[in-house]
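Colleague: I would like to take a close look at one part of this model and have it described with some care. Please keep to what can be read from the coordinates.

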Amino acid sequence: MAAGTVASRATGLVRQVLQAGALGTGLLATTYNQANTVPASLYFLIIGGALNSVLVPQLVRARLEQPDGGRAFEQRLVTLTLAVLGTGSLLAVWAAPQIIGVYQRDTPGNHAAFELTVVFARFLLPQIFFYGMYGILGQVLNARNRFGAMMWTPVLNNLLLIAVFGWYAGAMTAADGVHGITPAQVTLLGAGTTLALAVQAVALGPFVRAAGFRFRPRFDWRGTGLRASLGAARWTLLFVLANLVAATFVTRYATAADRALPRAGVGFTAYTYAQTIWSLPQSVVTVTLVTALLPRMSRAVAEHREDDMRRDLSHALRTSGVVIVPVAFFFLALGPQLAQLLFAHGAADAAATRPLGRMLQAFGPGLIPFSAQYVLLRGFYAFGDTRTPFLMALWTGAVQVALATGCHLLLPARWAVTGMAAAYGIAYAVGLLLTARLLRRRMAGRLDARRVVGAYGRLVGAALVAGAAGRVAAALCPAPPGSPAVAAALSLAAGGGAMLLLFLLLARVWGSVGPRGLPGPR
């Protein structure tokens with residue numbers, strides 16, 4: 001699973017670098033990126049959140065408890081998912097102007113950008129169906145303890161998108177802002193992006209068949225237990241809605257920064273790129289661990305083995321922290337150099353990547369509470385409790401919206417979105433404290449908290465010292481004239497190398513990691 005995720009994220013990073021080189025980090029890129037985030041948001045709002053967190057335990061229970069091993073339940077669930085999302089995709093394409101109007105205003109000064117975003121959205125909104133197809137088939141595999149295919153098939157998506165952006169950058173004249181892009185370029189980007197996701201979804205078909213699943217459309221949904229599953233999912237859908245509302249505020253504010261400084265790279269696209277880089281270790285380490293552990297924790301709860309579930313949670317927190325904590329401080333120490341190395345190419349020069357690098361620094365520390373809360377919330381899902389995660393999302397979203405609004409109103413456009421990146425981490429720190437308190441109460445006060453907090457304290461101390469040393473090493477590294485990319489690479493090598501060596505030394509001495517890089521014995 002980790003290997004597939006690494007391959008997927010690595011090819012995704014190449015794709016994003018090519019995308020930035022082709023479209024830049026300003027308003028033009030924002031029209032495409034904003035339209036491309038809407039399908040995923042709507043998918044998670046309609047049913048995606050329920051698939052990931054609620055229906056996996058339901059599938060596991062059906063396979064354990066039903067005489068046919070849950071096959072009829074799976075058939076009905078797949079049919080329902082595809083029917084709902086197929087209908088939702090058609091309605092979303094029809095309502096594209098209204099949907100985009102939620103994220104940006106159609107004013108005389110912004111009309112060209114608004115119309116271009118709507119055109120992109122009409123190409124991209126059919127992705128809702130393919131996200132659903134990929135999600136439900138992947139969960140059928142997960143319920144059978146088959147995790148690898150779902151991690152590897154996104155590589156196909158990324159390879160196709162690499163070809164699309166390579167063709168755009170190499171064979172077409174670069175567009176000069178939102179007024180200069182041609183219909184052929186819009187069609188290539190829009191249709192190519194949706195086709196890539198369709199290939200990713202369809203590629204799961206042979207793996208699902210090999211796992212023993214045969215799809216037979218079944219519309220006999222009444223009296224089959226689906227109502228209970230969807231009832232349990234209502235809180236998860238509200239959880240997704242709460243997060244989506246918070247993200248919508250940030251998107252509107254970040255797009256306003258793009259309108260104020262359309263070529264400076266200080267708005268939504270820079271925020272999106274920084275957040276994508278920031279979330280890579282979460283995707284590779286934490287999500288991989290939790291994806292494998294959630295069915296096991298669900299079985300432990302169903303069989304009244306809460307001590308086993310508690311050990312799994314503690315193990316996931318301490319194991320993920322060995323990677324998450326130092327990487328968070330790496331972003332804080334060396335974010336600008338990393339942004340310059342990755343994105344200062346083609347349509348984006350070194351100056352345009354500086355705001356992105358500052359956003360990556362602002363995001364950095366928040367990776368620790370973000371990852372830890374993600375793990376703890378799965379403890380509630382294993383119990384079948386979807387209401388508490390929704391309440392946590394309300395608190396987290398409220399803090400994020402309040403802080404983002406303050407940044408939008410009080411900070412200049414050049415710094416407003418950087419402040420929003422920092423606010424994201426603060427909001428999740430508040431959410432983590434509340435989540436840990438409630439889960440501890442749910443588990444009769446036994447959460448292995450002393451062991452986990454001690455491990456994180458040692459990891460943070462080691463990473464803080466190592467990050468400071470890495471920043472000094474990067475600053476002292478001589479920069480060759482005339483080559484920003486080479487200078488950034490040398491700074492990263494010097495700073496990152498110093499940070500890695502010192503972190504491993506301190507963590508080993510303090511017992512934070514053992515000889516194989518896993519949590520130490522303390």
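Which helices each supply at least two residues of the lining of the second largest pocket?

Modeller: Bearing in mind that this is a predicted model, the helices that each supply at least two residues of that lining are H16 (367–382), H18 (413–442) and H19 (449–476). The second largest pocket itself has a volume of about 320 Å³, and of the 15 residues that line this pocket, those closest to its centre are Leu376, Leu432, Ala436, Val452 and Val453. Helix H18 provides the largest share of the lining, with five residues. In character, the lining of the second largest pocket divides into twelve nonpolar residues and three charged ones, with no polar residue among them.

For a nonpolar feature at the surface, one can turn to the patch of about 390 Å² that is made by Leu156, Leu159, Leu160, Leu195 and Val199. Two helices, H9 (154–171) and H10 (183–202), each supply at least two residues of this nonpolar patch, and the largest share, three residues, comes from H9. Within the patch, Leu195 is a residue of helix H10, and Leu195 counts as exposed because its relative accessible area is 52%, whereas the cut-off for that term is over 50%.

Note on methods:
Residues are numbered from 1 along each chain as its sequence is written. This is a predicted model: local features need pLDDT of at least 70, side-chain atom pairs count only at pLDDT 80 or more; totals for chains, interfaces and linings use all residues. Side-chain values use heavy atoms; hydrogens and water are left out. Patches are made of residues with over 30% relative accessible area and no salt bridge: like charges are joined within 9 Å, nonpolar side chains (Val, Leu, Ile, Met, Phe, Trp, Tyr) within 5 Å. Accessible areas come from the Shrake-Rupley method with a 1.4 Å probe; for residues, only the protein chains shown count as cover. A salt bridge is a side-chain nitrogen of Lys or Arg within 4 Å of a carboxyl oxygen of Asp or Glu. Helices (H or I, at least four residues) and strands (E, at least two) are DSSP runs, numbered from the N terminus. Buried means under 20% relative accessible area, exposed over 50%, partly exposed in between (1.4 Å probe, protein chains only). On a 1 Å grid over the protein atoms alone, a cavity is a set of points where a 1.4 Å probe fits but cannot get out, and a pocket is an open set with protein on both sides within 12 Å along at least five of seven lines; lining residues have an atom within 4 Å of a point. Grid points are joined across faces, edges and corners, and a volume is the space filled by probe spheres set on the points. Ala, Val, Leu, Ile, Met, Phe, Trp, Tyr, Cys and Pro count as nonpolar, Asp, Glu, Lys and Arg as charged, and the others, Gly among them, as polar.
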